[in-house]
Structure formats: C-alpha cells, structure tokens
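Trainee: I have a model on screen and some labels I would like to question. Can we go through them one at a time?

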Amino acid sequence: MADPFGFLKHARKENPYRKVDERIKDWRELQIPLSVEERQEQASRCMNCGIPFCHTGTFYGGKRAVSGCPNDNLIPEWNDLVYQGRFKAAFERLARTNPLPEMTGRVCPAPCEKACTESLNGSGVTIHDNERFIIDAAFENGWVKESGQPAQRTGFKVAIVGSGPAGLSAAWRLNQLGHEVTVFERSDRFGGLLMYGIPNMKLDKEIVQRRIDLMAELGIHFVANTEIGRDITAEELQRDFDRVIIAAGASVPRDLKVPGRELNGVKFAVDYLTEATKDVLKHGKEATSRKLEGKHVIVIGGGDTGNDCIGSAIRQGAASVKQLEITPQLPLERQSDNPWPEYPMINRVGYGQEEALTVFEKEQLTYYSTSTTGFIGAERGQLIGIETVKVDQKFQPIPGTEQVMKADLVLLAMGFLGAENILLESFGVKEVYDDSTTNNERVLVAGDAKRGPSLVIWGIREGRLAAEKVDQALRALTYQA
C-alpha cells in the first residue's frame, strides 16, 4: 500500500485551474498539472483501506448518480505504484480496465473520489488527477503503443458504428485481441462527443486525435463521413463483417416544444458546441472568435453541457449569459438522506459558471425553478427574448411569476433522449440485452446507444465488455470449426 500516514501528512491538492481572467482569453486546457513529486504525495494519500468503494460503481439506495468507478478500475493498486515511482507499472495496471484514461482523467466527474473512504471525514484522494498523470506519462514514454499491439491476428473482421467513447474503447480492445476492426463515423472527425460534444478547454482535441492516430497506426481502420442507411447499408456491413457493434451514442437531444421554437437563434447545445470546436480546430486554441459580441445568451439546462455552453459563450464575447434550471437549487452540504458513500447531491459551481460569476459579477447567473413558456421573435424571425415562469415542486407554474428576458441566442442543454431508433431497426434489432447482445446474433449495442445518456466512463466500460463478448463468440466459432 501507499504511505499509511499519507492522508495525515498531506492535504488534498488538485491540479489547479488557470486564473479566470487568463483562461477566458483562449481555448487552452483549464488545468495545470502538479509536479511529479506533488503527484506522488497525492497518491500517497490512498490508504488501500481494505474496503475500496472507489473501484466499484454502485447506485446506492436507488439513487440516479453512481458512486464509485463503474469501470472497476484498480485504483488503490495504481495509486500505490505512483507513490513508489513505478509509473510504467501503474500504467499497465490502469490499462487493464481503461483503454482511454486520457479522456476520463480530464472530463470524468470522478464518482470514485466521492466513494473514497477518506472522503467520509475528509476530502478524498485525487484519483482523477492521478489517472491523468499516469496516462500522460505513458504517452510521453511510448508505453501506450506497446500496450495496444495484438499478439496475433485472428482473421475475423468487426465493424463498429460510432467513434465515441464506447466505439473507441471497443475498437482498441478488439484490436488488442487480434481482430481486424473498422470504425464508421458519420461526422467529419472521429471521437464522437469527445471531439464535438466537449469544448477544447475541457478536453483538448489534440489529446483525442493523438489516440485516433495511434489506433490507426496499430491497424484500426477509420471511415469518416459515412452514415448507415445513406452511404452504406446495414446489410452490407453484416455481409462484409463477422460482427457489428453499434456504439452510435444517445444522439437525440431533448427538445422544448413551446411557441417560437422555430425562431432563428434557438439551438441545441450540441450543435453550438460542435460549431465552437470547429472554429478552434480551424483557427487555433489562441484565437477566440467574437461572434457573440454584444449578444445576450441564455442556456436552458443546469448540467455539464450547460456549463460548457456558458464557458464557450464567454470566450466568444457574449454580452451576458444566464442559465435556467427547472429544478430547485441543490443544498450546499450533504443531507441526512444522502449519506456517504452515495454520490453527494449538492450544489456545485462549474468552471463556466465560475467564469460567468467573475465576468458578469453584478448580474444574476442561474435562475432555479424556472420554466420557459415561449420564445419571442422579431418580424424577420430572429429571436429577441424568452418568456419564463417560476414553478413549484411539482413543476407547475406559479401565477404572478411570469418574466420576459432579453435573448439573442438560446441554447437547449436539457440532455438526450436516447439512440436513433431507425439505426437499430435497420439491423433488425428489437431487443438489447444486459450483456450488449441483441436478438440479432451478429449485432451488439454498447454505450449510450444501449443505456441512454451517461458518463464517458460508462461508455468506455461497455465498449470494452462488448468487445470481449464479440471475441468470445468469434473464438467459439473457431473451436467449432
């Protein structure tokens, strides 16, 4: 185990964020990694307590937020190896379960840390930042490519539809196991929400592309701008490949059907974030377009995507940013009905919200228990405002609380409904089972396409397990032959 007194010697120290007035001027990464010595000190705080809730994801008491790592990462083990300075061994242990730790080490909300035993009476171990350190060291030293080399090729071919976390995880694992893998993506770039759903300052696109490039170097084929049913049929995939994994995500955004929805200026958050990332990819991380100069932006939705929209709008020069949330504000501290090791359902200030509170210090940012009842447009169909009303605990409008807010751009960040049914139907998929198999024995479904909108780490887990399920089935065919 790590230093048994580490958590007493060293206070928790996260990778610090760059100062607000500095970081809002560019799209470079938000955090500054600690030194190697400081990271080893942080790893020493892991007690290998004997009851590591951290590395098993559980929904305690039927709660909606998972606590602990859904991917069963061997967290105490690689914390100890970091503390010892055995960084390659730490990477090898981490890579046993997580094919994409450079993604989770940057964007995961770290439910593992909330379940850490030390967080019962303290602040928990910096598992998230330790993971990022391990994988960054692995790339710097060339260990990642070595870990992805297949021992031998099997001759089987597998198609993966979608290149998000689940698709990439499945592709990496299948290639390790020796199968020939082709990833089909309907967008112009690979990575799914890792590329276009998360802004660059939170997950640098060079990090995503680095993994894609390495996978291609290891023999994985990537086919962009290809949509199933338009550019290639489901029948062709099933004819040309031994198995197909559908990992297309939960790509149907939740809409807001109120009067004025058709106005120019009402957008889905994912479309806005995609446009913002394309600007960064075209003009560079230092360049910040001022396309929202003088514009008043309202974000509807209080989750991570809404927070990303706030940060992006500020970088694009918005004159004001407000956020509407239909639910009440969460408490500032754990309540008695939400004990450890459950995920703490408390109010948090995201990086984008922190930036808005700094830039627009005299203005109210978040409006809780607020529902949008309509969008207001000018004569030419341009959005100029929205109509809202306060709601009670049953989300019913409260008379007399109606309000009109100025808005030039409204971003709908209310989550996603699920996968596009037409894609599953094209493969004849009517039932999806817990192990990712379906009623079509040649087709599996993994990630958000299977479980609905979820965390990146869930997608990684499901992609890996689906790959191993495919491997098991294909090898069984060999034995039968």
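Trainee: What makes strand E2 count as largely enclosed by the rest of the structure?

Mentor: This is a predicted model. A residue is buried if its relative accessible area is under 20%. In E2, residues 180–184, 4 of the 5 residues meet that, so the strand is largely enclosed by the rest of the structure.

Trainee: How do you know that E1 and E2 pair?

Mentor: Pairing takes at least two bridges between the strands. E1, residues 157–161, and E2 have 5, in the parallel sense. One of the contacts joins Val161 to its bridge partner Phe184 in E2.

Trainee: Why is the E1-to-E2 crossover called right-handed?

Mentor: Point the strands away from you. The path from the first strand over the helix to the second must then run clockwise. Here the chain leaves E1, passes through helix H10, residues 165–176, and reaches E2; this β-α-β crossover is right-handed, so that path runs clockwise.

Trainee: What makes E2 and E3 a pair?

Mentor: The cut-off is again at least two bridges. E2 and E3, residues 221–223, are joined by 3 and run parallel. Phe184 has Val223 as its bridge partner in E3.

Trainee: Which UniProt annotation covers residues 156–330?

Mentor: The unreviewed entry gives "domain: FAD/NAD(P)-binding" for that span. Residues 156–330 are 36% helix and 18% strand, with end C-alpha atoms 51 Å apart.

Trainee: And what does UniProt list for residues 23–142?

Mentor: "domain: Dihydroprymidine dehydrogenase", also from an unreviewed entry. That stretch is 46% helix and 0% strand, and its end C-alpha atoms are 30 Å apart.

Notes:
Residues are numbered from 1 along each chain as its sequence is written. This is a predicted model: local features need pLDDT of at least 70, side-chain atom pairs count only at pLDDT 80 or more; totals for chains, interfaces and linings use all residues. Side-chain values use heavy atoms; hydrogens and water are left out. UniProt positions are given in the numbering used here, feature names are shortened, and annotations may be inferred rather than shown by experiment. Helices (H or I, at least four residues) and strands (E, at least two) are DSSP runs, numbered from the N terminus. Buried means under 20% relative accessible area, exposed over 50%, partly exposed in between (1.4 Å probe, protein chains only).
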